[in-house]
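Biologist: Before I trust the labels attached to a model, I would like to hear how each one is earned. Could we go through them together, slowly enough for a first-year student?

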Amino acid sequence: MSDPYCWGIFREEAHSPGRESDDTEILRLTAKELEAHGFQVTLKNPEELPGASERPRFMFLMCEGAPVLRELALWETSGVRQVNSPVAVFNTYRDRMVAQFAEAGVPFIASRVVATAGPRPREASPVWVKRADVHNTQEGDVVFAATDDAVASALHGLAAREIPRAVIQPPIEGDLIKFYGVGPGGGPDGEPPWFRWFYHKGQTLARHPFDERGLARRVRRAAAALGLEVYGGDVIATATGELVLLDLNAWPSFALYRDEAAVAIGAYLALRFRAGR
């Protein structure tokens, strides 16, 4: 097997609701960029990994399911270099993310982890009720609950699906911004090497002013706290200029910047994989 050999791992279809083609395309384009850098690339589904008879030296992955991440964590300890690290992807599970950000002192939306079964939590509605592990995979994973009864119903729905914990967060008024980033840092102002942001579609924008470089620095700091190298997420810009981080994900679809992002990711991975070879 040639030395610069790597695998790219697709995201599970269940973890790409409405984004299956976008997620597939960014991985394929990244593979083409890596091939242009001299790597031999094979793309695989997560289901192909358990019991695999061979392992590559390098992997880039979009998968998020706990079983395959546990498998890949073992591969990592045996020397397979991976981006994002399985541990970093695990850290994007909401309950872990809340704890990691608190430990690192990263500002994050007020969040409380609660049991989905048992006594009803005392929360002033309206609130968002979100499953505490993976991100939105189906209806009921993320619910806006306008009343106390709606909160109870959302928790009951998660409990019925054997999801033991949820994260409760308040609604925040302001402009919803989505962002993408590549690399852990290194810009002159502490920004990610590659960073883009845009307003989420389907909202009435107030266009509250905010510090764009401050946004990039905050995102880089948050990504570093989780160990992410390829990432995206959501933030609210409020009327006071405050930036409230809502979510941080491992390897999004990069849909609006797909071609540009693939070039940046491919170049980053080539350097990352060749370092220390």
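The conversation below takes the labels one at a time.

Modeller: Let me say at the outset that this is a predicted model, and then you may ask about any label you like.

Biologist: Why is T92 called buried?

Modeller: A residue counts as buried when its relative accessible area is under 20%, and T92 has a relative accessible area of 2%, so the label buried applies to T92. The residue sits in the loop between helix 3 (86–90) and helix 4 (94–104), and, leaving out residues up to four places away in sequence, T92 touches M97, D133, H135, L226, L228, L248, N249 and A250.

Biologist: What makes L43 partly exposed rather than buried or exposed?

Modeller: The label partly exposed covers values between the 20% limit for buried and the 50% limit for exposed, and L43 has a relative accessible area of 26%, so L43 belongs to that class. L43 lies in strand 2 (residues 40–44), where, leaving aside neighbours within four places in sequence, L43 is in contact with G8, F10, L27, R28, A31 and F60.

Biologist: How do you know that C6 and C63 are not joined by a disulfide?

Modeller: A disulfide needs two cysteine sulfur atoms within 2.5 Å, whereas the sulfur of C6 is 14 Å from the closest cysteine sulfur, in C63, and that is therefore too far for a bond. C63 is likewise in no disulfide, and the structure as a whole holds 0 disulfides.

Biologist: And what makes these two cysteines buried?

Modeller: With the limit for buried set at under 20%, C6 qualifies because its relative accessible area is 0%, and C63 qualifies because its relative accessibility is 1%.

Biologist: What makes a group of residues a nonpolar core, and which residues have the most contacts inside the largest one?

Modeller: The members must be buried residues of certain kinds, such as Leu, Met and Phe, joined through side-chain atoms within 4.5 Å. The largest nonpolar core has 47 residues, and those with the most contacts inside it are L49, M59, L72, F101, L215, L228 and L248. Helix 6 (residues 212–226) gives the most to this core, with 7 residues. L215 touches I177, F195, W197, F210, V235 and L243, when residues up to four places away in sequence are not counted.

Biologist: Which residue classes make up the lining of the largest pocket?

Modeller: The lining has 21 nonpolar, 15 polar and 12 charged residues. The largest pocket itself has a volume of about 1,400 Å³, and of the 48 residues that line the largest pocket, the closest to its centre are K178, H200, D234, D247 and N249. Strand 9 supplies the largest share of the lining, 5 residues.

Biologist: Why are W251 and F254 singled out for their backbone angles?

Modeller: Most residues other than glycine have a negative phi, and most peptide bonds are trans. W251 has a positive phi of about 45 degrees although it is not a glycine, and F254 has a positive phi of about 55 degrees, again without being a glycine. W251 is found in the loop between strand 12 and helix 7 (258–274), and F254 lies in the loop between strand 12 and helix 7. W251 is buried because its relative accessible area of 0% is under 20%.

Biologist: Which peptide bond is cis?

Modeller: The bond from V83 to N84 is cis, with omega near -10 degrees, and N84 lies in the loop between strand 4 (81–83) and helix 3.

Key. Residues numbered from 1 in each chain as written. Predicted model: local features only at pLDDT ≥ 70, side-chain atom pairs only at ≥ 80, totals over all residues. Heavy atoms only, no water. Buried < 20%, exposed > 50% of the residue type's maximum accessible area, 1.4 Å probe, protein only. Helix = DSSP H or I, 4+ residues; strand = E, 2+ residues; numbered from the N terminus. Contact = heavy atoms within 4.5 Å. 1 Å grid on protein atoms, 1.4 Å probe; cavity = no way out; pocket = protein on both sides within 12 Å on 5 of 7 lines; lining within 4 Å. Points joined across faces, edges and corners; volume = space filled by probe spheres on them. Nonpolar A, V, L, I, M, F, W, Y, C, P; charged D, E, K, R; others polar.
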